[in-house]
Amino acid sequence: METVKEKTGRLLALVSLIVIVGLLVFFMWNTTHKEKAEDSTTVSIYAMDTYMTITLYGEHAEEAAEAAKKEIARLDALLSTGSAESEVSRLNREGGGLVSEDVGKLIKEALVVHEKTYGAFDISVYPVMKAWGFAGGDYRVPSDDELDKLLEKVDASLIGYSEETKEISLPGGMEIDFGGIAKGYTGDLLIELVKDYGIEHALFNLGGNVQALGGKTSNSDWKVAVAKPGEENGYLGYMDLNNKTMITSGSYERFFEADGEIYHHIIDPKTGKPADNDLLSVTIVTESGTLADALSTSLFVMGADDAITFWKEHYGEFDMILYTKDGNLFVTDGISNKFTSDIKITTLDKTY
Ligand code: AMP
Ligand code: MG
């Protein structure tokens with residue numbers, strides 16, 4: 001017969017065992033979850049005249065972030081008009097010449113979009129950008145005569161580019177600038193780069209241009225705010241993003257004021273002046289960052305009516321959000337179930 005003392009002893013041993021096993025399980029669970037949380041990394045950098053934040057998830061997130069930083073610096077050095085040593089500056093100085101693989105790809109895409117948008121997108125608008133002071137920060141309002149003279153140099157259809165010889169010619173003092181397309185292109189390259197490090201979930205925010213690789217680690221969509229022009233920290237709504245790019249162009253991004261007038265940085269190549277229409281911002285959602293970036297700039301130049309016509313002509317290639325000066329918010333049917341807003345939305349479909 002077991003004594004009461006022996007029974008209590010056995011019970012105590014059992015309870016201790018349960019407690020020990022429980023604690024062990026808890027510590028193991030805790031460590032694995034901690035490791036998971038530590039498997040992400042976020043870095044912020046200033047490049048291409050803007051703040052960039054990169055969040056990566058995965059075992060090699062830190063290495064991938066380092067590689068991403070190097071890649072941004074490499075592209076910045078090629079494309080920066082602000083640096084006399086950049087490839088773009090050399091081409092502008094010498095009226096053309098041999099191009100690197102990256103500049104070749106950018107030229108090709110820029111010329112396609114130039115044609116597609118009937119000239120709204122034009123990388124040869126750079127001399128005009130300079131005249132307004134957007135290149136160096138010494139802002140001024142050029143006279144109509146000055147602009148007319150400069151516009152003689154603006155016409156991307158005159159750019160000669162041979163994919164075979166990798167040579168570009170910029171006739172008649174023409175100068176180019178990839179400011180309207182470079183960040184989207186950079187984002188596309190970064191996505192490919194981090195995939196090589198086994199990363200499947202990442203979010204790149206390159207100065208408000210957001211590019212998502214996959215969804216969150218739970219595979220749910222990233223929730224990304226769309227900025228409200230004119231309101232710091234204000235937003236038009238939220239977009240659920242998964243494996244896509246969302247790029248916004250707006251007059252609110254860079255501008256100066258002179259004699260009570262606001263002059264912004266997106267130039268209508270037809271007039272040489274900041275695009276002046278009913279739009280405050282254009283957001284493009286699609287897979288390719290390069291295309292999204294080029295289109296956001298182009299459609300901002302077009303104004304709402306032409307942008308909607310263009311979208312219908314290219315149905316299925318991209319989605320968009322248009323925000324107008326009189327407070328209208330247009331969202332195309334491909335993303336209307338992914339975008340939430342407190343503002344009344346007009347959904348655009350092919351019949352609009
Ligand atoms: P984004 O913020 O992408 O709309 O690009 C604006 C930048 O693109 C400007 O700062 C200029 O460098 C350049 N840009 C301005 N107007 C045009 C245009 N019509 N076509 C192509 N690039 C432009
Ligand atoms: Mg753009």
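Donors of a metal are taken as N, O and S atoms within 2.8 Å of it (3.2 Å for Na, K and Ca), and sites may look incomplete since water is not among the atoms. In this predicted model, local features need pLDDT of at least 70 and side-chain atom pairs count only at pLDDT 80 or more, whereas totals for chains, interfaces and linings use all residues. Residues are numbered from 1 along each chain as its sequence is written, ligands are numbered from 1 in the order in which they are written, and side-chain values use heavy atoms.

The magnesium ion (ligand 2) has as protein donors G180 (O), D293 (O), D293 (OD) and T297 (OG1), at 2.0 to 2.5 Å. Along the chain, these donors follow the spacing G-x112-D-x3-T. D293 and T297 are about one helical turn apart because they lie four residues from each other in helix α8, helices being DSSP runs of H or I with at least four residues, numbered from the N terminus.

Ligand 1 is surrounded by 18 residues (a heavy atom within 4 Å), the closest being D122, D177, S249, I267 and T297. Helix α8 (residues 289–302) supplies the largest share of this shell, three residues. Polar side-chain atoms lie close to oxygen atoms of ligand 1 at 2.9 Å for D293 and at 2.7 Å for T297. The protein buries 95% of the 500 Å² that ligand 1 exposes when taken alone (Shrake-Rupley method, 1.4 Å probe).

Terms used: Polar contact = N/O pair within 3.5 Å; in protein donor to acceptor, adjacent residues only side chain to side chain. Helix = DSSP H or I, 4+ residues; strand = E, 2+ residues; numbered from the N terminus.
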